[in-house]
Amino acid sequence: MPSPASLTVVLGTGGTISGTADRATDNVGYRAAQLGVAALVAAVPALAGVPLESAQVAQLDSKDMSHAVWQQLAQRVAAELARPDVGGVVVTHGTDTLEETAYFLHRVLAPAKPVVLTAAMRPATSLQADGPQNLLDAVTLAREPGAAGVLVVLGGRAFAADGLRKADAYRLDAFEGPEVARLEEGRVRPTGPWPRSAPLGLACIARAPERWPRVAWLTSHAGFDAALVDGLRAAGFDGLVIAGTGNGTLHADLQAALLRARDAGLEVRVTTRCASGRVVGGAPDQPVGPAQARVALLLELLQR
Ligand code: SIN
């Protein structure tokens, strides 16, 4: 007898997982976001007997992700999770901004049911496409009793959203972050706690996306030109995340410009441009990397 909450909803947003190339050997020169989510599900024979529904929420290369799609996706995921017959949701996505979307959904929804984002590093037409296995693993995790929170599955590993980073531009196991489970032969082996936190709620993101705060992200570097910061201030930006050098240190010209920006009312947060580690002595609840720190500042400003 199937459980009343056995249905999994798969929402498509595009990405390489739905990309196609002219040749099966081409894992770089492809077009992302070509196949619909129903075709991705149909390409995995092992999903044939699994109770699933699928729907296309967006169809884009995730480098072009927008706040409008985030709003639509969060609202759609929340609506699916509210259905008593739905046990979990899977979202297919591009890898390039996956850590941002996952963190956004984590902070807004912090769901008690699993929301599993998955992606692929190779297009669907590849000789050895990784998308079908990743999708199967994501559905397996979304149906796992007790699983909760926003999770990301790729290369046989499941991660919590908070702290996730795309760490490699080409390898199939491209992500680093807090691992919560391994997917092995159709089974989930938990390796860490499911993420749990209080959600901000959909009300926080209800206003029209074109009226969301404007938050930019810059990196401190040799020869930094302070005109960048002054330009953002003049353009009316509300927040600025800086990926500082090392332990969050800043070029002196950038530091001076940030003081001017702060005086003008801009909120400034500093992270590190290092690939690992967090700013020692920084705010303990701030995300480690600039991509997620930008989302955190956006959500903070949206609550004002
Ligand atoms: C994308 O992020 O949509 C393209 C790249 C990828 O999915 O790996």
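Select Arg165 and Cys274 first: a polar atom of the Arg165 side chain lies 3.0 Å from the backbone oxygen of Cys274. A polar contact is a pair of N or O atoms within 3.5 Å; within protein, one must be able to donate a hydrogen and the other to accept it, and residues adjacent in sequence count only if both atoms are side-chain atoms. The model is predicted, so local features need pLDDT of at least 70 and side-chain atom pairs count only at pLDDT 80 or more, while totals for chains, interfaces and linings use all residues. Residues are numbered from 1 along each chain as its sequence is written, and side-chain values use heavy atoms, with hydrogens and water left out.

**Around Arg165**

Stay on Arg165, which lies in strand S7. Helices (H or I, at least four residues) and strands (E, at least two) are DSSP runs, numbered from the N terminus. Which side chain of opposite charge is nearest to Arg165? Select Glu99: it is 6.3 Å away, and Arg165 is buried yet has no salt bridge. Buried means under 20% relative accessible area, exposed over 50%, and partly exposed in between (1.4 Å probe, protein chains only). A salt bridge is a side-chain nitrogen of Lys or Arg within 4 Å of a carboxyl oxygen of Asp or Glu. For charge, Lys and Arg count as positive and Asp and Glu as negative; His and the chain ends are not counted.

Now show what touches Arg165 (contact means heavy atoms within 4.5 Å). Leaving aside residues up to four places away in sequence, the list includes Glu99, Phe175, Glu176, Cys274 and Val288.

**Helix H3**

Glu99 leads to the next selection, residues 98-109, which are helix H3. The expected span of a helix is 1.5 Å times one less than its number of residues. For the twelve residues of H3 that gives 16 Å, and the end C-alpha atoms are 16 Å apart, which agrees. Eleven of the twelve residues are buried, so H3 is largely enclosed by the rest of the structure. Among the buried ones are Glu99, Tyr103, Phe104 and His106. The buried residues of H3 pack against several elements, including helix H2 (67-81), strand S4 (114-118) and helix H7 (290-302).

**An aromatic pair**

The structure holds two aromatic pairs (rings of Phe, Tyr and Trp, its six-membered ring, with centres within 6.5 Å; planes under 30 degrees apart count as stacked, over 60 as edge-to-face and the rest as tilted). For one of them, select Trp70 and Phe104: the ring centres are 4.8 Å apart and the planes are at 20°, so the pair is stacked. Trp70 is in helix H2 and Phe104 in helix H3, 34 residues apart, and the pair links distant parts of the chain. Both Trp70 and Phe104 are buried. Add Trp212 to the selection to see one aromatic cluster of Trp70, Phe104 and Trp212.

**Helix H7**

Select H7 next. Its 13 residues should span 18 Å, and its end C-alpha atoms are 18 Å apart, which agrees. Twelve of the 13 are buried, so H7 is largely enclosed by the rest of the structure. H2, H3 and strand S13 (267-272) are among the elements that its buried residues pack against.

**Two positive phi values**

Go to Ala110, in the loop between H3 and S4. Its phi is near 30°, a positive value in a residue other than glycine. Is Ala110 buried or exposed? At 15% relative accessibility, Ala110 counts as buried.

Finish at Glu185, in the loop between strand S9 (179-184) and strand S10 (187-190). Phi of Glu185 is near 50°, also positive in a residue other than glycine. At 82% relative accessibility, Glu185 counts as exposed.
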